[in-house]
Amino acid sequence: MSIYKSLVKPLLFTLDAETAHSFTIKCLHRANSLGILTKSTALTDPTLKVSFGGIEFPNPVGLAAGCDKAGEAIPAWPSFGFGFVEIGTITGEPQPGNPKPRAFRLPQDDAVINRMGFNSEGSEAVAERMKILKARKPILASPLIINIGKTKVVTEENAVLEDYRKSLRLLAPYADIIAVNVSSPNTPGLRLWQEKGPLKSLLSSIMQEAIASVNARGETPPVLVKISPDMSAHDMVDVLEVAVELQLAGVIATNTTISRSDSLHSSAAKVAETGGLSGRPLKERANEVMRFLFRESGGRLPLIGVGGISSAEDAYERIRSGASLVQVYTGLIFEGPYLPRTINQGLVALLQRDRLKSINDAVGIDCR
Ligand SMILES: Cc1cc2nc3c(=O)[nH]c(=O)nc-3n(C[C@H](O)[C@H](O)[C@H](O)COP(=O)(O)O)c2cc1C
């Protein structure tokens, strides 16, 4: 058994989920400033390299949004084998998020329910942190995605557009890619922006801002949209149409779900907590969404798969369903920080087993 599972996890699990999380981020930040983390344990195996949105990724396993919301531990993540990092969600204006407690572990289901509600320092403060990090160039040798979302109190349509545009303007110079979050279940009304009309007006406005901006590479930042697993097939087709029409770089699927399957093992009180469910119970649905998106888009729109991935087999299945890249969050809580390294090692073996030369050869192979 790993040191994480035998020692660290039992200690962390004596703390409530959010305290354990804040403590971990602080430790990573500290370890990083003391220079005690190994530079990178990412495998350099050439079969793992992925090109996505015109950007080279050393391997396909990334940190999902919500874990390092404010980008406090960015340089630490590659030490665990991550091939890219997504920070955020960052809102236009600072906001505290929902009252605590707002994150709950469901250990019997390897799952988490959260209703954080975009606790965010706001785009100006995070941009300031990025500026300091950038002075010690590069912020991250691997690609960095910055995820932006809506400030809760901003409701009037034009103000919402401006809220997202402000975040993009301030944060794009430090990012390789921008992800637009319209799928959190914890900001009232946010998911309505996934509907075709509102989504098109929001993303057109964001794309205008993107075209007027440059990212950390001095190029127009590629823009992704992150969607919910609770959408109907019809709504997903709408998202794909808008994404293709507006030349988005791709789609991230999926965010947490508000649905609760009957097969959950945790207590009824835990399961009934309001918020988004992540981890193992989300895996099947997230995979189904991936297969749908890949088939419907004819494989022409790059996809990032996230939701319930906690092993190399899970990651490989998502890739074979259509994902060019995958992300993990809840799996780290239950499996430990070296999960990305384990996934990458397993992916190399699985590709070899199936006589595939690269990740790219495996993308969508089960859906063709
Ligand atoms: C505590 C917590 C906070 C999250 N916060 C965000 C967020 O701010 N923005 C976002 O796009 N996704 C957020 N997510 C969703 C994750 O990025 C991911 O889409 C989801 O958890 C499914 O992946 P997983 O099963 O590997 O955790 C959060 C998830 C958790 C568990």
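This report walks through a few helices, some backbone exceptions and two residues of helix 2 in a predicted model.

Residues are numbered from 1 along each chain as its sequence is written, and side-chain values use heavy atoms, with hydrogens and water left out. Because the model is predicted, local features need pLDDT of at least 70 and side-chain atom pairs count only at pLDDT 80 or more, while totals for chains, interfaces and linings use all residues.

## Three helices and their lengths

Let us start with the helices. Helices (H or I, at least four residues) and strands (E, at least two) are DSSP runs, numbered from the N terminus. The expected span of a helix is 1.5 Å times one less than its number of residues. The table sets this value beside the distance between the end C-alpha atoms.

| Helix | Residues | Expected span | End C-alpha distance |
|---|---|---|---|
| Helix 3 | 123-135, 13 residues | 18 Å | 18 Å |
| Helix 8 | 283-296, 14 residues | 20 Å | 20 Å |
| Helix 11 | 339-353, 15 residues | 21 Å | 21 Å |

The two values agree for helix 3, for helix 8 and for helix 11.

## Helix 3

Which residues of helix 3 are buried? They are Ser123, Val126, Ala127, Met130 and Leu133, where buried means under 20% relative accessible area, exposed over 50% and partly exposed in between (1.4 Å probe, protein chains only). These buried residues cover an arc of only 120 degrees around the axis, which puts them on the same side of helix 3; the arc is that of the directions from the helix axis to the C-beta atoms. An α-helix has 3.6 residues a turn, so residues three or four places apart point the same way. On the other side of helix 3, Ile132 and Ala135 are exposed. The buried residues pack against strand 4 (84-91) and helix 4 (157-171), with contact meaning heavy atoms within 4.5 Å.

## Helix 8 and its partner

In helix 8, the buried residues are Lys283, Ala286, Asn287, Val289, Met290, Leu293 and Phe294. Viewed down the axis, they fall within an arc of 160 degrees, so they line one face of helix 8. Their cover includes strand 9 (223-227), helix 6 (233-245), strand 10 (250-253), strand 11 (276-279), strand 12 (303-306) and helix 9.

How do helix 8 and helix 9 (residues 312-320) pack, and at what angle? Their axes are 9 Å apart and meet at an angle of about 25 degrees, which makes helix 8 roughly parallel to helix 9. Here axes are lines fitted to C-alpha atoms, for helices over the stretch in contact, and angles run from 0 to 180 degrees between N-to-C directions. Angles under 35 degrees count as roughly parallel, over 145 as roughly antiparallel, 65 to 115 as roughly perpendicular and the rest as oblique. Helix 8 brings Lys283, Ala286, Asn287 and Met290 to the contact, and helix 9 brings Asp314, Glu317 and Arg318. Just after helix 8, Gly298 has a positive phi of about 60 degrees.

## Helix 11 and the loop after it

Helix 11 has these buried residues: Leu339, Pro340, Ile343, Asn344, Gly346, Leu347, Val348, Leu350 and Leu351. They pack against strand 3 (61-63), helix 9, strand 13 (325-328), helix 10 (330-335) and helix 12. Arg355 sits in the loop between helix 11 and helix 12 (359-362). Its phi is positive, about 55 degrees, although Arg355 is not a glycine, and at 76% relative accessibility Arg355 counts as exposed.

## Other backbone exceptions

Most residues other than glycine have a negative phi, and most peptide bonds are trans. Asp110, in the loop between strand 5 (103-106) and strand 6 (111-114), has a positive phi near 50 degrees; with 27% relative accessibility, Asp110 is partly exposed.

Cis peptide bonds appear too. One joins Gly88 and Thr89, with omega about 5 degrees, and Thr89 belongs to strand 4. Another joins Ala253 and Thr254, with omega about 15 degrees; Thr254 lies in the loop between strand 10 and helix 7 (268-271).

## Two residues of helix 2

Is Glu18 of helix 2 buried or exposed? At 12% relative accessibility, Glu18 is buried. Apart from its neighbours within four places in sequence, Glu18 is in contact with Lys100, Arg102 and Met116. Phe23, also in helix 2 (residues 17-33), is partly exposed, with a relative accessible area of 48%.
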